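Got your viewer open? Load the model and follow along, one selection at a time.

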Amino acid sequence: MKKITYLIMLGVALVLSSCASVYVATDYDRQADFSAYKSFAFFKEGVDKAPISDLDKKRILHAIEKNLTSKGMVVSDNPDFLVNIFTRERENVDIYDNSPYYWGWGWGWGPFWGGATYNVSRNTEGTLYIEIIDARKHDLVWQGKGSGAIPYKSEQKEEAISNFVNKILEQYPPK
């Protein structure tokens with residue numbers, strides 16, 4: 001009995017952890033000297049254009065600031081680099097046929113025999129892009145992209161956004 005309980009708990013943990021996954025990709029300018037970037041500011045014009053709520057923008061910017069300051073960088077009015085964000089989202093709708101019956105012609109079968117049951121599942125997948133721009137040259141030097149499920153409940157959003165930002169910025173600065 002303990003083995004069955006353990007296997008069920010392990011299965012639930014795997015499903016929950018897979019739902020919280022953030023898939024990350026980064027790219028950067030190999031010629032850029034990332035050790036010179038010590039101070040930053042947010043690129044207001046770009047951030048203002050991000051098509052998300054002001055609350056989510058605040059959550060994202062707060063998480064970015066917290067992550068970068070934990071790496072020894074400081075917010076400045078005369079920054080070495082600017083941070084820009086933009087987002088995309090899409091709603092996924094999955095329809096599953098859970099019909100226990102076989103549909104089609106055959107011995108003892110008719111075209112309308114049986115019944116179909118369908119389950120509909122909806123979720124929203126979001127993508128967050130974080131860009132690092134050299135403030136003096138106005139060149140993009142680093143870009144990180146994270147994609148994953150977005151929770152609907154506001155209590156879960158802050159943790160999810162922080163997770164997105166931290167996963168993306170794990171790879172900044174590049175080694």
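Here is a short tour, from the whole chain down to one residue.

This is a predicted model: local features need pLDDT of at least 70, side-chain atom pairs count only at pLDDT 80 or more, and totals for chains, interfaces and linings use all residues. Numbering starts from 1 along each chain as its sequence is written, and side-chain values use heavy atoms, with hydrogens and water left out.

Start with the cartoon. You'll find four helices and six strands, running α-β-β-α-α-β-β-β-β-α from the N terminus (helices are DSSP runs of H or I with at least four residues, strands E runs with at least two).

Now select 154-169, helix H4. Its 16 residues reach 23 Å from first C-alpha to last. Colour Lys-157, Ala-160, Ile-161, Phe-164, Val-165, Ile-168 and Leu-169: these are its buried residues (under 20% relative accessible area, 1.4 Å probe, protein chains only). Look down the axis of H4: they fall within an arc of 155 degrees (taken from the directions from the axis to the C-beta atoms), so they line one face of the helix. Flip to the other side for Glu-155 and Glu-159, which are exposed (over 50%).

Next, the largest nonpolar core, with 27 residues (buried Ala, Val, Leu, Ile, Met, Phe, Trp, Tyr and Cys joined through side-chain atoms within 4.5 Å). Among the members that touch the most others are Ile-64, Phe-81, Ile-130 and Val-165. Elements giving two or more residues to this core include H3 (54-70), S5 (118-134) and H4.

Last stop: Ile-130. Leaving aside neighbours within four places in sequence, its contacts (heavy atoms within 4.5 Å) include Ile-64, Trp-142, Val-165, Ile-168 and Leu-169.

Conventions
The expected span of a helix is 1.5 Å times one less than its number of residues.
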